[in-house]
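Trainee: I am new to this one. Could we go through it question by question, with a reason behind each label?

Mentor: Gladly. Take a look first.

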Amino acid sequence: MSIKFDEKNKVFFLNTKNTEYQIKINEYGMLIHSYYGGSVGYTDMSFLIKYLDRGFSSNPFESRGNRGLSADTLPSEYSTYGAADFRVSALMTVAENGSRTCDLRYIGHEITNEKYKIEGLPYVRGEKDKVDTLRIDLLDDHIGIRVSLYYGVFEEKDIITRHTAITNVSDADIYITKAASMCMDIPYGDCDMIHFHGRHAMERLTERTALTHDIHVVGSRRGMSSHHNNPFVIICDRDATEISGNCYGVMLMYSGNHKEEIEVDQANSIRVVSGIGDDDFNWKLAGGGSFDTPEAILAFSAEGLNTLSFLYHRIIRENVCPAAFRDVKRPVLLNNWEGTYFDFDEKKIMEIEDGAAQIGCEMLVLDDGWFGVRNSDNAGLGDWKVNLKKLPGGLKAVADHANSLGMKFGLWFEPEMVNEDSDLYRSHPDWVLMDPGRKPVMGRNQMVLDMSNKEVVDYLFESIKSVLTGANIEYVKWDFNRSMSNVYSKAHSAAEQQEITHRFILGTYDLLTRLTTAFPNVMFEGCAGGGGRFDAGMMFFSPQIWCSDNTDAINRLKIQKGTSYGYPVSTVGSHISASPNHQNGREVPIATRAIVAMSGTFGYELDPAKLTDGEKESIRSQIKAYNRFYELIGKGRYFRLSSERDEAYFSSWEFASEDGKEALVNIVVTDVRANAEVLFVKLHGLRPEAEYTADYVYSSVEELNNKTPDLVCTGASLMNGGLSIGPLYGVYPSIQLHLNEKR
Ligand code: DGJ
């Protein structure tokens, strides 16, 4: 059992292979966070806490003689508002009489040997792992609020999940104005915070900031987890690197408004609170009612950022993404979007299918424009019926044609949206989120459907179901192309309006649950104008997500690097598109485009008719190589190799098989220089004593292509000394090298 309770000292120990998490109940029943970090062998770490009388830090009534005990200075497991913890609150409530104080005390706990589930929300699945659950119940008996803190302990995977359930045990209504999923206090640390910010087509850029005495807030108010701030933060030692130092990760498994607050307090303690964004949130909890927060996934590494990433990669791949697609080879696909945009008909799609099959693609994805009167983004969303003018044989004809060429067929949808110019909007104008009497704020000429209204969810289920049963569709790309505004639901009362952004996400999760249950063999790929909902919540339904609308390989290096801190390569939708690139006009050699796109769920996003014979030939060999290294890329351990200084010159990363017998090393030069420096990288994850040779080289530099270097090196020399390559010259030159243990 990974969870123990020391009855005498009232300490909970949550132990994973390399980490330990401790919670203590003090003499007044307050729940104290006493430790999270490397294993300490069940030593009660509460000896670290000092009870100092700090001016203006008040004391609970029961302990008023003890001025050293204050909610304001104790590390808390779940902070509340009003009872003198002046730091960031995890929970804020308003009682019927207007009182905003909530003060929780321990009332009981339960330890079970399976992973808890959360009704209506995604969660980390227990699968075949050994997972134990701790539930601690807290009560404010004055207002009648019970808070149950859930901890899922994945012993072998070094992961702890958290989730909070809030129950109104009184007869009166209580309003929850903030309900975070977790709160954690790190008693001391000279720390940095890393978060992943960005914008449409430039998502998840890495930003590292020194924590100062302040509250650092990351979040989204767009109704989606957003391109702008991913719901994932890392707190690490100021000198932590990829391979050393203490790092904590907090990832919220949620696709809507979120908020991560990191506060350094008067005594240098760091508080991290993460959960649903509370800026426009007010949930009415009637007597007896319960509210479930989304789950948060916590990890700790004492060995730097690469190890922290590995812990997230493994848990997401094995326990978050749907099991049905974990071990199945994903098809190399060709998506027609950048090849045609809206301008296609049946003949053109069949020609693209012919071309895709010739170059070795395994699936054709028909993107936006196949339904309603969708000839531009002005019309058609909501009308999920095939446009017979464009596709006279219906979807069946194009799907059958793909199948006849040995390829699967996939289809694009954007279920949660509607155009003003659509039959759906004309017949149900009340189904959109819209303030009464106001003109709508438009985004990409579309409005947001009211997913908090069950009638809307039912309509979408039936109409998507009928499309999916009408042809052999084996893949769905699920898009979402605007931020939410005018959030007002006509299906709910005035008092419920600040519940709508969360109810919306619950409606989306409900629709996804119903569709993935009805079509268990259809693979769903997430998308929100690229990576606007690149989060663990969506990954519960879709094992891969279109990472960004930006397909430029050089921009993608930054986007995919930022993404790699929290999310595995098997979730990263990544395609080769035409050169010059459609988003920024840059020309990049096809080998470099391939090396970057291979670090994801590989595919193409172009019109094969426009390829030269030479390009077709390279594509055939790229697909062959991708399929050869599929397991290594998808399941191998991922290491970021290039340092911050290197990144000004080149970017490098590696996949190493779990047994350390092989590795794929990738280098892309982003700033070619005259009289250039050698490209040095130190490898990871190899067997120190084993000898390695290179048996595959792919490069944009023609002379290097297919010429395996005469290299026999031990794992120890490659990890301690490194590889020296190049310098490489030319336009964005790159090299990919496969190292194999000598037999
Ligand atoms: C945004 C997506 O990210 C693109 O890949 C494409 O599907 C378009 N939407 C279609 O409208």
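Trainee: Which helices and strands each supply at least two residues of the lining of the largest pocket?

Mentor: Four elements do so: strand 12 (202–210), helix 1, helix 9 and strand 34 (679–681). Keep in mind that this is a predicted model. The largest share comes from helix 9, with 6 residues.

Trainee: What makes a residue part of that lining?

Mentor: A lining residue has an atom within 4 Å of a point of the pocket. For the largest pocket, 31 residues meet that test. Lys561, Ser642, Ser643, Glu644 and Glu647 lie nearest its centre. The space inside is about 860 Å³.

Trainee: How do the lining residues of the largest pocket divide by class?

Mentor: They divide into 12 nonpolar, 10 polar and 9 charged.

Trainee: Why is one space called a pocket and another a cavity?

Mentor: A pocket is an open set of points, whereas in a cavity the probe fits but cannot get out. Rolling a probe the size of a water molecule over the atoms shows where empty space is left. The search of the whole structure finds 7 cavities of 30 Å³ or more.

Trainee: What is known about the largest cavity?

Mentor: Its volume is about 160 Å³. The largest cavity is lined by 18 residues, and nearest its centre are Leu557, Gln560, Lys561, Tyr638 and Trp653. Helix 9 (553–564), strand 31 (637–640) and strand 32 (650–656) each give at least two residues to this lining. Helix 9 has the largest share, 5 residues. By class, the lining of the largest cavity has 8 nonpolar, 7 polar and 3 charged residues.

Trainee: And which residues line the second largest cavity?

Mentor: Among them are Phe310, His313, Arg317, Pro568, Tyr638 and Phe655. Two or more residues of this lining come from each of helix 1 (305–320), helix 12 (630–635) and strand 31. Helix 1 gives the most, with 3 residues. The second largest cavity holds about 90 Å³ of space. Its lining has 6 nonpolar, 4 polar and 2 charged residues.

Trainee: Now the ligand. Which residues around the ligand come nearest?

Mentor: Of the 13 residues around the ligand, the nearest are Asp367, Asp368, Lys477, Asp479 and Asp549. The shell has 4 nonpolar, 3 polar and 6 charged residues.

Trainee: What makes the pair between Asp367 and the ligand a polar contact?

Mentor: Set the distance against the cut-off. An N or O atom in the side chain of Asp367 is 2.6 Å from an oxygen atom of the ligand. The limit for a pair of N or O atoms is 3.5 Å, so this pair counts as a polar contact.

Trainee: How far from the ligand are the polar side-chain atoms of Arg444 and Asp479?

Mentor: For Arg444, a polar side-chain atom lies 2.9 Å from an oxygen atom of the ligand. For Asp479, an N or O atom of the side chain is 2.7 Å from a nitrogen atom of the ligand. Taken alone, the ligand exposes 290 Å², and the protein buries 98% of that.

Trainee: Why is Phe291 called buried?

Mentor: Its relative accessibility is 2%. Buried means under 20%, so Phe291 qualifies. Phe291 sits in strand 19 (residues 290–292). Phe291 and Thr164 are 127 residues apart in sequence, yet 8.4 Å apart in space, C-alpha to C-alpha.

Trainee: Is Asn486 buried or exposed?

Mentor: Buried, because its relative accessible area of 13% is under 20%. Asn486 belongs to the loop between strand 26 (475–478) and helix 7 (500–518).

Trainee: What makes the phi of Asn486 worth a remark?

Mentor: Most residues other than glycine have a negative phi. Asn486 is not a glycine, but its phi is positive, about 50 degrees. Tyr732 also has a positive phi, near 35 degrees. Tyr732 is in the loop between strand 37 and strand 38.

Trainee: Which peptide bonds are cis?

Mentor: One of them joins Ser579 and Pro580, with omega about 0 degrees. Another runs from Gly726 to Pro727, with omega near 10 degrees. Pro580 lies in the loop between strand 29 (572–577) and helix 10 (590–597). Pro727 is in the loop between strand 37 (723–725) and strand 38 (734–741).

Definitions and conventions. Residues are numbered from 1 along each chain as its sequence is written. This is a predicted model: local features need pLDDT of at least 70, side-chain atom pairs count only at pLDDT 80 or more; totals for chains, interfaces and linings use all residues. Side-chain values use heavy atoms; hydrogens and water are left out. A residue is near a molecule or strand if one of its heavy atoms lies within 4 Å of it. A polar contact is a pair of N or O atoms within 3.5 Å; within protein, one must be able to donate a hydrogen and the other to accept it, and residues adjacent in sequence count only if both atoms are side-chain atoms. Accessible areas come from the Shrake-Rupley method with a 1.4 Å probe; for residues, only the protein chains shown count as cover. Ala, Val, Leu, Ile, Met, Phe, Trp, Tyr, Cys and Pro count as nonpolar, Asp, Glu, Lys and Arg as charged, and the others, Gly among them, as polar. On a 1 Å grid over the protein atoms alone, a cavity is a set of points where a 1.4 Å probe fits but cannot get out, and a pocket is an open set with protein on both sides within 12 Å along at least five of seven lines; lining residues have an atom within 4 Å of a point. Grid points are joined across faces, edges and corners, and a volume is the space filled by probe spheres set on the points. Buried means under 20% relative accessible area, exposed over 50%, partly exposed in between (1.4 Å probe, protein chains only).
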